[in-house]
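Welcome, and thanks for opening the viewer. Let's take a walk through this model together, one selection at a time.

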Amino acid sequence: MNFPSHHQTAFFDAIDRDDRFELRVRYFGVATAGRVEQGWNRSHEWRSYEQLIDPNGTDADHLEGVSDDWRAWLHITSVTFSASLARHLIDAGAAWCHWSEMRGIRLARAVRYDNRAFLALERLTNRLELLSRRAMIHRASLVLVQGKLARESFVRLGVPDDRLADLFYSPGPVHPGRP
């Protein structure tokens, strides 16, 4: 993960409470200044399953820090976030899932959310798109998507629908009296 997110904490806490799983979450940083401006909290209450790792370390270092038998674990990452980590998992024969929001959010912003322009340019980027990233996504055990638009974007990329699964952000319950 790139940094701790209140959108995922409740989900991770639920997995951690389940004795069937041994959860490990690695972060490469803390909330950026832009996120802090949006109201995110830069200080984070670290849980036992979380660790801030050196973003300059190697992918092998990051995986060895998980467990000696890391190849037997299921890894969830994003090709967009760390293509090199996904490539390392593929080369090692480890099971992994790609988890991301809808592809192309930067492109959508660039065309000012003009749907026709976005779809036309997306077809072009699907052909050109860092072919190695596209190929890596196709080698993931599963592609975890966050909603209908994300699902549709991966189908347009050529990922079969039966290899897509919903995994939404899951913020904790809203407390009465809190904004």
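**First stop: a small enclosed space**

By class, three nonpolar, two polar and one charged residues form the lining of the largest cavity. To see them, select Pro4, Val30, Ala31, Asn41, Arg42 and His44, which line this cavity. Its volume is about 30 Å³. Please keep in mind throughout that you are looking at a predicted model. If you wonder how such a space is found, rolling a probe the size of a water molecule over the atoms shows where empty space is left.

**Step back: the whole chain**

Now show the whole chain as a cartoon. You should find eight helices and six strands. Starting at the N terminus, the elements run α-β-α-β-α-β-α-β-α-α-α-β-α-β. The chain has 179 residues, and buried residues make up 36% of them. Switch on a surface if you like: the chain exposes about 11100 Å², with carbon and sulfur atoms supplying 53% of that area. Among the contacts with a separation of 6 or more, 53% are between residues 24 or more positions apart.

**Select Trp40**

Look in the loop between α2 (33-37) and β2 (50-52), where Trp40 lies. Is Trp40 buried or exposed? With a relative accessible area of 13%, Trp40 is buried, because the cut-off for that is under 20%. Next, add Ser5 to your selection: Trp40 and Ser5 are 35 residues apart in sequence, yet their C-alpha atoms are 8.3 Å apart in space. Leaving out residues up to four places away in sequence, Trp40 touches Phe3, Pro4, Ser5, His6, His7, Ala31 and Arg35. You have met two of these names before, as Pro4 and Ala31 are among the residues that line the largest cavity.

**Select Ile53**

Move along to the loop between β2 and α3, where you will find Ile53. Ile53 has a relative accessible area of 12% and is buried. Which residues does Ile53 touch, not counting residues up to four places away in sequence? They are Arg26, Tyr27, Phe28 and His62. Try a distance label between Ile53 and Arg26: from C-alpha to C-alpha they are 6.4 Å apart in space, while 27 residues apart in sequence.

**Open the second largest pocket**

About 730 Å³ of space lies in the second largest pocket. Of the 27 residues that line this pocket, Leu23, Arg24, Leu74, His75 and Ile76 are the closest to its centre, so select those five to centre your view. Then colour the elements that each supply at least two lining residues: α1 (9-17), β1 (25-27), α3 (59-64), β3 (74-77), α4 (83-92) and β4 (95-100). Which element gives the largest share of the lining? That is β3, with four residues. Colouring by class shows 21 nonpolar, three polar and three charged residues in the lining of the second largest pocket.

**Follow the chain from β3 into α4**

Between β3 and α4 there is a loop, and Ser78 is found in it. Ser78 is buried, with a relative accessible area of 10%. Beyond its neighbours within four places in sequence, Ser78 is in contact with Ala83, His98, Trp99 and Ser100.

Now select the buried residues of α4, which are Leu85, Ala86, Leu89 and Ile90. Because they cover an arc of only 140° around the axis, they lie on the same side of α4. An α-helix has 3.6 residues a turn, so residues three or four places apart point the same way. Just after α4, stop at Gly93, which takes a positive phi of about 75°.

**Last stop: Gln146 and α8**

Gln146 sits in the loop between β5 (142-145) and α8. Gln146 counts as buried, at 17% relative accessibility. Apart from its neighbours within four places in sequence, Gln146 is in contact with Trp99, Ser100, Glu101, Leu167, Phe168 and Tyr169. Trp99 and Ser100 are also among the contacts of Ser78.

From here, step into helix α8 (residues 148-157) and select Ala150, Ser153, Phe154 and Leu157, which are buried. Where do they lie around the axis of α8? They are on the same side of α8, because the arc they cover is only 95°. Finish at Gly158, just after α8, where phi is positive, at about 105°.

Technical notes:
Residues are numbered from 1 along each chain as its sequence is written. This is a predicted model: local features need pLDDT of at least 70, side-chain atom pairs count only at pLDDT 80 or more; totals for chains, interfaces and linings use all residues. Side-chain values use heavy atoms; hydrogens and water are left out. On a 1 Å grid over the protein atoms alone, a cavity is a set of points where a 1.4 Å probe fits but cannot get out, and a pocket is an open set with protein on both sides within 12 Å along at least five of seven lines; lining residues have an atom within 4 Å of a point. Grid points are joined across faces, edges and corners, and a volume is the space filled by probe spheres set on the points. Ala, Val, Leu, Ile, Met, Phe, Trp, Tyr, Cys and Pro count as nonpolar, Asp, Glu, Lys and Arg as charged, and the others, Gly among them, as polar. Buried means under 20% relative accessible area, exposed over 50%, partly exposed in between (1.4 Å probe, protein chains only). Contact means heavy atoms within 4.5 Å. Accessible areas come from the Shrake-Rupley method with a 1.4 Å probe; for residues, only the protein chains shown count as cover. The arc is that of the directions from the helix axis to the C-beta atoms.
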